Amino acid sequence: MRELVARFLSQSISRRTFLKGLTTAGVSLTAAKDIVEALVPTAHAQAASGGAYKLVEGTGAECFAEQLMASGVKYVFGNSASEDAHFYEALVDRPQLKYILTPHEGPGAAMAAGYVKASGEPTIVMQAAVVGLVNAMGQMFNAYKEQTPLVFYSYRTDQSGRAGRDGFEEVANQEQIVQPMTKYAWLARRADMIPETVRRAFKAAWTPPYGPTYASWHSDYNDERVRAEVISHEKLDPRMRVRPNPAEVDRAAKMLLEARMPLMIVGDEVYNAKAIGKAVKLAELLGMPVTQARQIYANFPETHPLWVGNPPAARLTSLDYPKNPDVVINVGNKLQHNSVVPMVARDPKFIDMRIDSASMGNIIALDVPLVADVAYGLDDLTGAVLQLMTPAFKQKAAARAEEVRSFHERARGLRDLVMKNPDWNRAPMLADRVTREVAQFADPDAIIVHEAGSVALHGFDFNPQNGRELFFYYGAHLGSGVGTAAGVKLARPDRQVICLVGDGSFVFGPTALWNMARLELPVITVVYNNHAYSGPHSRVIEKVPGGRMVQTGRFFHDYLGNPDMNMALIARGFGVEAEVARSPEELRAALGRARKATMDGKPYLIDAQVARVGVAWAENPWTPPIRVAGERTRKV
Amino acid sequence: MLKLLAALVGVTLVMPPALAQQKKPAAAGFPDGPGKDVLVSKCFQCHSPNMWMDQRQDRRAWESTLYRMVGRGALWTEDEIRQMADYLGNVYGRKQ
């Protein structure tokens, strides 16, 4: 009866259903009507709050589900957990919450992260206690590095009444395990604190700079009956979209206008703030070349005449043009440093515009810091530049824009020389050939999910303004690609989604293929399969040049053949149609079949056979002579 | 001869410090030859030569390697690639 009243007050059920429920419970019709009348003022008061506050009475798990809905969650990603029984029970009467079962926590978390990144909508990923959590933590690490606002939950398998007794899934201080890679990790101390803990996790995750959070509680709290307040996210969101310091904006504008050769670096905060058009406007106003160091998204149209390409070696000095910028402005790029050399040298003046103030000024010295939501920051800076603009500055910008355009066009032609490789038509294929075939095949507004670590993309002309989009990776925990692609397709069902993944990455996380098949997510997955870890192969040689490994050809760590893995067979095992392509002709035909399959709503996988190229690869690479056959004494 | 040597030493001693700093040390393992300057200016801006100094392959294979670098963002003309392939095929060609 109490639950019935709570559901009526929380508007989970209608007045008629409430009346019916009361009479079914044995209350006379007259008495039931009296109860309804008595409750109507309270119900109206709750409605007047815009549904922002609800008093929920039920199990802890029901309160959890109600808070998820109030936090704006539509999809819940999770792996099976018997201690979440009451949560599953709560889902039955709450069809607004759509639960997606993922057969492994890692790709499941990648799928959830892909959904968040492509939709901008909140979600939660659930794991079974610490045993499931540690599987998901690889993708939690990626979410932390990539600043993805993803909420993780797992119960503590020890119940509050018998904690610390070495249960088979128990570990002490479970919530502390994730602390170095979350913005917030908290344990609800009572069942009625579940909604509060959950909504705080969403608030922390979705307050810039974004990042993953973790909520947990003893599993028996899910079963306990409680009364708790549920509050909608909008009543908690601090709406941290801040404008930059106006004095610093004026300094930056003056510096940019007076620069001989300014250069803009763009980053993922531009994509997240939907500020691509604003970045284009500022660049055009100043005739300023634009580049981007490693990020998840393409944050500037690569077809724009002011685009000068990515620095091949991350550092700006590896750009062919411009060679000596005197002012560099970074808009929203975390500037990941994988070497001791600063990406921006000490010479040029440096303007850093970002919301992530914690990572500013750590490596590259700041001349003008602009802590801001980059959409507002670009608006304000553009306004300041316009105010200071003179005919002379305008003329200088126009002349510079012409010089940049000239380089842009020349560079486009030079990039296409990749197709003049004398091995262009070989089989097994060059990775570049696979890339170019896919680039020529992809829809003009395709979304490319890229987790082929050793493969550099070319020919796609990414344009986040209604053209092709890129979803690369920034954290290095492998196995995210297939799951991310599934999540992206879930969020953007009307866009072609192509997943490019290396064989090494693929085998870390193929289980999301099953989700693609079950949910009818028509993603095309192309595996660059050279039966090897190419990146580690090359980097090891660079660290030990001319060493014993090279002299003997004995590499212990990089060859995945003998026997070769067949990714098409793996895909079929998950219910995804697939084939192996050995030559460019076979790949082109396979892509045609993939298009047909996806038009019919089915995912498709192509295992593209790629050549191993580079230093010290043998035709049949050596493998360590570890065979148990000689040690067996029985035929069992 | 002694006078000439003394004169050369003198020139070296009076060379302005800035100019002296601009003189780059010769790249070890890269003997002079046609194409070397292009190679040094184009390749070393991204990475050290450590990795591929171990490679021995014919000119065509080097050409293929260089075109793969184009796929990784190198902006070179066909003529520059030809010069570098010639040099590498000559200096780091397949061992006989």
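Trainee: How many residues does each chain put into the contact between chain A and chain B?
Mentor: In this predicted model, chain B contributes 23 residues to the contact, while chain A contributes 28 residues.

Trainee: And which element of chain B gives the largest share of the side that touches chain A?
Mentor: That is helix H4 of chain B, covering residues 59-71, which supplies 7 residues of the side facing chain A.

Trainee: How do the residues on that side of chain B divide into nonpolar, polar and charged?
Mentor: On the side of chain B that touches chain A there are 9 nonpolar residues, alongside 8 polar and 6 charged ones.

Trainee: What about chain B as a whole, how many helices and strands are there?
Mentor: Chain B has 5 helices and 0 strands, so that, read from the N terminus on, its elements run α-α-α-α-α. Of its 96 residues, 23% count as buried. If you take the contacts within chain B that have a separation of 6 or more, 74% of them are accounted for by residues 24 or more positions apart.

Trainee: Switching to chain A, where does helix H7 bend?
Mentor: H7(A) bends by about 45° at Met137(A). The helix spans residues 129-146, which is 18 residues, and its first and last C-alpha atoms are 24 Å apart, close to the 26 Å expected at 1.5 Å a residue.

Trainee: Is H7(A) mostly covered or mostly uncovered?
Mentor: H7(A) is mostly covered, with 13 of its 18 residues buried. Just after the helix comes Gln147(A), whose phi is positive, at about 60°.

Trainee: Now Gly164(A), where does that sit?
Mentor: Gly164(A) lies in the loop of chain A that runs between strand E5 (151-154) and strand E6 (184-187).

Trainee: Buried or exposed, and why?
Mentor: Gly164(A) is exposed, because 8 other C-beta atoms lie within 10 Å, and a residue counts as exposed when that number is 12 or fewer.

Trainee: How far is Gly164(A) from Tyr321(A)?
Mentor: Their C-alpha atoms are separated by 62 Å, and the two residues are 157 residues apart along the chain.

Trainee: Which domains does chain A have in the assignment?
Mentor: The domain assignment of chain A gives domain 1 (1-48), domain 2 (59-235), domain 3 (246-416) and domain 4 (421-609). For domain 2 and domain 3 of chain A, the C-alpha centres lie 38 Å apart.

How values were computed. Residues numbered from 1 in each chain as written. Chains lettered and ligands numbered in written order. Predicted model: local features only at pLDDT ≥ 70, side-chain atom pairs only at ≥ 80, totals over all residues. Helix = DSSP H or I, 4+ residues; strand = E, 2+ residues; numbered from the N terminus. Buried ≥ 20, exposed ≤ 12 C-beta atoms within 10 Å, placed from the backbone. Domains from an automatic or database assignment. Contact = placed C-beta atoms within 7 Å. Nonpolar A, V, L, I, M, F, W, Y, C, P; charged D, E, K, R; others polar. Expected span 1.5 Å × (residues − 1). Bend = angle between axes of the 7 residues up to and from the residue.
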